[in-house]
Amino acid sequence: MDAKSEIGCLKVSSKSSPASVAGAIAGMIKDGSTVEIQAVGAGAVNQAVKAIAISRGFLSPVGIEISCIPSFADIVIDGEYRTAIRFAVEPKGSHIPVVEGSAASQATQTA
């Protein structure tokens, strides 16, 4: 797989089963993909957060720790503008930026 892993998008509703979504998250993470979860509304966000917690329970025993990065997204549903919450779920340590002048940056330049 190339340096930038594939991103899979899951749309979660208030009626989504957290266990089913968690299974999808765990499967995609095991396949090396970053998962983006999109939720609109409090009920959907609740189900998404539960799914992320459950997926951690599936992945931790096999040695995979995950991190979750929340963000807002403006989307259009049936012609109406809505604000969604997106959660980027990725294996911990997969996205570590190197800041110019940092010790990591200097170590990379000297290697």
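This dialogue walks through the salt bridges and the nonpolar core of a predicted model.

Visitor: What should I know before reading the model?

Guide: Local features need pLDDT of at least 70, side-chain atom pairs count only at pLDDT 80 or more, and totals for chains, interfaces and linings use all residues. Residues are numbered from 1 along each chain as its sequence is written, and side-chain values use heavy atoms, without hydrogens and water.

Visitor: How many salt bridges does a search of the whole structure find?

Guide: A salt bridge is a side-chain nitrogen of Lys or Arg within 4 Å of a carboxyl oxygen of Asp or Glu. The search finds 2. Glu-65 pairs with Arg-56, their closest N and O atoms 3.3 Å apart. Glu-36 pairs with Arg-86 at 3.8 Å. Glu-36 lies in strand β2 (residues 34-39) and Arg-86 in strand β4 (residues 80-91), 50 residues apart. Strands (E, at least two residues) and helices (H or I, at least four) are DSSP runs, numbered from the N terminus.

Visitor: Is Glu-36 buried or exposed?

Guide: Buried means under 20% relative accessible area, exposed over 50%, partly exposed in between (1.4 Å probe, protein chains only). Glu-36 is partly exposed, at 24%. Arg-86 is partly exposed too, at 26%.

Visitor: Which element gives the largest share of the largest nonpolar core?

Guide: A nonpolar core is a set of buried Ala, Val, Leu, Ile, Met, Phe, Trp, Tyr and Cys residues joined through side-chain atoms within 4.5 Å. The largest one here has 19 residues. Its largest share, 6 residues, comes from α2. Ile-37 is among those with the most contacts inside this core. A contact means heavy atoms within 4.5 Å. Ile-37 touches residues including Leu-10, Ile-52 and Phe-87.

Conventions: Lists of a residue's contacts leave out its neighbours within four places in sequence.
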